[in-house]
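Biologist: Please take one loop of this model and examine it closely. I would then like the account carried on to the unusual backbone geometry elsewhere in the chain, and to the strands and cysteines.

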Amino acid sequence: MPEQVESSPKLNVSSEIKSPTYDLTKFHLKRILSNNSKCKSITLLGTFPDISETDAAIVVFEKNAYRESDVATEVPADQDADSSPKPSYFSTDLQVRTDFINNIYASFQCVPTQELCTVKGTVIYPATEKHIEKYSICQKYIINETPDLYESITLPYITSSQFSLDWVYNILEHKQETERIVFEDKHPENGFVLLPDLKWDGRNVETLYLLGIVRKRDIKSLRDLNASHLPLLRNLRESAKQAILERYGLNPNQLRMYFHYQPSFYHLHVHINPLRNDAPGIWCEKSHMLDTVINNLELMPDYYQRASLPFVLYEGNKLLELYDKQLEVRQVVAQELSEADEAPEAFTDDEPEEGRECKRIKLSTPQESTEAELLEMPCA
């Protein structure tokens, strides 16, 4: 049996992590990379000029998700009478400004207690061009990657230009973030480390987001998986579900477990979050369910060496440039309509019903109808 270690239930920041070299208050904005009103987040590009005028820095601010305990209106039964009350949106500290009141409807601007107004901040410094590409809003293109295209274009590119994996190895070797580890299986072939993704605040189970990072270092992505990895994938699925159930009380049947393709870093890892959390990258053009991957390998041992895998590339990505040279993915071939194929004129309010009926028939007539057949129609 693999040796398994479960860490302390606390999710504090590791004492091994040093203070940052930068002062966030001295950030100098150059431009806004994205402003997502749906996710309530904004991504900024700039510098820390007191350190370097040229090293790029990315700062992401995002509103924290609501926790159910923060809207409580009654004191929990297990709360000590002498302890400070937990913050609530409905405490006496709530400041309310009325926008309007109309019958049963009302709109207000509410400022709760300071503790509930925190904003999650993420900093990437120094940021590379690949980081800036990743966080920028731009045109996107679907690439249908065949095995041949993977070997001739994608693999050489990722081999020469991927992100550094030092931070992954620091986790696996217990050099950093040891106190953030949720669960660990130390088996060299089938083991993995489970810990919070950078996107999660580590507090609100409603928005739980974990990464399962495998110990084996020779699996870059889905493309490298084959039937020999089934014990690893099954262990990853079952052990992670059990650890999350015991740690957070989440029903395993309410978890989404999936791989990204292309991944953001090329060391195999699985993403885990609750179904009710619309996490980034869950869309069909990006994610591959762990259950489906296991099933595909059970049916065909070399499935991911033979399959065509679609993925998305962003404008400005160098890999897009390579694919565009060979496949012209940016080109749109406009089909010229002949006079006979021109679309019927739109209806107007001024024309008589007879003319409208004629257009309706033309719209509904199959293209292969002959001229003789059209002449027999009432509007010919």
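Modeller: In this predicted model, N204 sits in the loop that runs between β10 (192–196) and β11 (210–214). Although N204 belongs to a loop, N204 is buried, because its relative accessibility is 3% and the limit for that class is under 20%. Leaving aside residues up to four places away in sequence, N204 is in contact with A65, Y66 and R67.

Other loops hold backbone features that call for attention. As a general background, most residues other than glycine have a negative phi, and most peptide bonds are trans. Against this, the bond from Y125 to P126 is cis, with omega near -10°. P126 is located in the loop between β7 (119–124) and α1 (129–135). Y261 and Q262 are likewise joined by a cis peptide bond, and here omega is about -5°. Q262 is placed in the loop between β12 (255–260) and β13 (269–274).

Positive phi values occur at two glutamates. E177 is a residue other than glycine with a positive phi, near 60°, and it belongs to the loop between α3 (166–172) and β9 (183–185). E328 also has a positive phi, near 50°, and lies in the loop between α7 (318–327) and α8 (353–364). Their surroundings may be set side by side: E177 is buried at a relative accessible area of 18%, whereas E328 is exposed at 51%. Both assignments follow from the cut-offs, because buried means under 20% and exposed means over 50%.

Among the strands, β8 (residues 140–145) can be described face by face. Its covered face carries Y141, I143 and E145, while K140, I142 and N144 make up the uncovered one. β8 pairs with β15 (residues 309–314) in the antiparallel sense, over six bridges. Within that pairing, K140 of β8 has Y314 of β15 as its bridge partner.

Finally, the cysteines. A disulfide is a covalent bond between the sulfur atoms of two cysteines. With a pair of cysteine sulfur atoms required to lie within 2.5 Å, the count for this model is zero disulfides. C117 is partly exposed, with a relative accessible area of 39%. C284 is counted as exposed, because its relative accessibility of 70% falls in the class over 50%.

Technical notes. Residues numbered from 1 in each chain as written. Predicted model: local features only at pLDDT ≥ 70, side-chain atom pairs only at ≥ 80, totals over all residues. Heavy atoms only, no water. Buried < 20%, exposed > 50% of the residue type's maximum accessible area, 1.4 Å probe, protein only. Helix = DSSP H or I, 4+ residues; strand = E, 2+ residues; numbered from the N terminus. Pairing = 2+ DSSP bridges. Contact = heavy atoms within 4.5 Å.
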